[in-house]
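This is a short briefing for a reader who has not seen this structure before. Please keep the sequence and the 3D view at hand while reading.

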Amino acid sequence: MTMTNEINLAPVWEDKQNQPAIGQDESGMSVPRRSGYEETILIGESKIPVKVRTINTFGAEEVTDGRTMETFVSSLCSLVVRSFEFLRGRLPLKPLERACTYQCRQRLRVFAGLLGTTRLGVAAVGEDGAEIHLPLIPKSVEIFRSSPKAYNVTLRFMVGDLPMLANEVVRLLGSRWVCTELDMG
């Protein structure tokens, strides 16, 4: 997965059902129509297959600046990967400053302190007991748009043969989409 310095969390909503954002209920009242889709996409330079499921109850009115669902999901995964590398002690928290709120970064610092010397995703190889850090491999992403200015994401990764889940809450604060909550386990 390519790790550029900038993590762009602005949503990209692709409506594969081609439905209008507003529908009508049985009484003829206008109601927002849920849109979204489920498919497997390939992300990163390694073309990792990731199952993506989206639910959007607010229409697809954003200008995407040429970005695709693949780049959007790559950014969501990159945030978790970088946070995991921080928890492992292999990456500073600075690259997450623009993508996460101060409170979110503080929670990551507390979590890292609680983990202490826990060897997250480390495996011994060979007879000499050399250690390698296993990569996080994304498997699935579920994105639920909970309001016009927020969305929730559940990501499933594999670290070796162990599953890991991450939850992100991303909100529009001012003119930027930032992660306000991040939980991994």
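The points below go from the whole chain to the sheet, a helix, a group of rings and some loop residues.

The model described here is predicted. Its protein chain holds 2 helices and 10 strands. A sheet of 6 strands and a helix that packs on it take up most of this briefing.

**The chain as a whole**

- Read from the N terminus, the elements come in the order β-β-β-β-α-α-β-β-β-β-β-β.
- The protein chain has 185 residues, and 41% of them count as buried.
- Among the contacts with a separation of 6 or more, 52% are between residues 24 or more positions apart.
- The protein chain has an accessible surface of about 10,300 Å², and carbon and sulfur atoms contribute 53% of this area.

**The sheet**

- The sheet is open, with 6 strands in the order 3-4-7-8-9-10 and mixed pairing.
- Strand 3 (38–43) and strand 10 (176–184) are the edge strands, and each of them pairs on one side only.
- From one strand to the next, the twist averages 25°.
- Strands of a sheet pair through backbone hydrogen bonds, in either a parallel or an antiparallel way.

**Strands 7, 8 and 9**

- Strand 7 and strand 8 run antiparallel and are joined by 10 bridges.
- The hairpin between strand 7 and strand 8 passes through 2 residues.
- Strand 8 (residues 150–159) also pairs with strand 9 (residues 162–173), in the antiparallel sense and over 10 bridges.
- Met-158 of strand 8 is the bridge partner of Ile-137, and Met-158 also stands opposite Pro-163 in strand 9.
- Phe-157 has Met-164 in strand 9 as its bridge partner.
- The hairpin of strand 8 and strand 9 has 2 residues between the strands, and Gly-160 in this hairpin takes a positive phi near 65°.
- Strand 8 is largely enclosed by the rest of the structure, because 7 of its 10 residues are buried.

**Helix 1**

- Helix 1 (residues 69–88) packs on the sheet and touches strand 3, strand 4 (48–56), strand 7 (136–147), strand 8, strand 9 and strand 10.
- The direction of helix 1 makes about 115° with that of strand 7.
- Of the 20 residues of helix 1, 18 are buried, so the helix is largely enclosed by the rest of the structure.
- At 1.5 Å a residue, helix 1 should span 28 Å, and this agrees with the 29 Å between its end C-alpha atoms.
- An α-helix has 3.6 residues a turn, so residues three or four places apart point the same way.
- Gly-89, just after helix 1, has a positive phi of about 85°.

**The aromatic cluster**

- A pair of aromatic rings is described by two values, the distance of the centres and the angle of the planes.
- The structure has 2 aromatic pairs.
- One of them is formed by Phe-72 and Tyr-151, which are edge-to-face at 5.6 Å centre to centre, with 75° between the planes.
- This pair links distant parts of the chain, since Phe-72 is in helix 1 and Tyr-151 is in strand 8, 79 residues apart.
- Phe-72 is buried, with a relative accessible area of 0%, and Tyr-151 is buried with a relative accessible area of 0%.
- The rings of Tyr-151 and Trp-177 have centres 5.6 Å apart and planes at 40°, so this pair is tilted.
- Because Tyr-151 lies in strand 8 and Trp-177 in strand 10, the pair ties together parts 26 residues apart in sequence.
- Trp-177 has a relative accessible area of 12%, which makes it buried because the cut-off is under 20%.
- Through ring pairs, Phe-72, Tyr-151 and Trp-177 are linked into a cluster.

**A residue in the loop between strands 3 and 4**

- Lys-47 lies in the loop between strand 3 and strand 4.
- The phi of Lys-47 is near 55°, which is a positive value in a residue other than glycine.
- Lys-47 counts as exposed because its relative accessibility is 51%, and the cut-off for exposed is over 50%.

Methods:
Residues are numbered from 1 along each chain as its sequence is written. This is a predicted model: local features need pLDDT of at least 70, side-chain atom pairs count only at pLDDT 80 or more; totals for chains, interfaces and linings use all residues. Side-chain values use heavy atoms; hydrogens and water are left out. Two strands pair if DSSP finds at least two bridges between them. Helices (H or I, at least four residues) and strands (E, at least two) are DSSP runs, numbered from the N terminus. Axes are lines fitted to C-alpha atoms, for helices over the stretch in contact, and angles run from 0 to 180 degrees between N-to-C directions. Contact means heavy atoms within 4.5 Å. Buried means under 20% relative accessible area, exposed over 50%, partly exposed in between (1.4 Å probe, protein chains only). Accessible areas come from the Shrake-Rupley method with a 1.4 Å probe; for residues, only the protein chains shown count as cover. Rings of Phe, Tyr and Trp (its six-membered ring) pair if their centres lie within 6.5 Å; planes under 30 degrees apart count as stacked, over 60 as edge-to-face and the rest as tilted. The expected span of a helix is 1.5 Å times one less than its number of residues.
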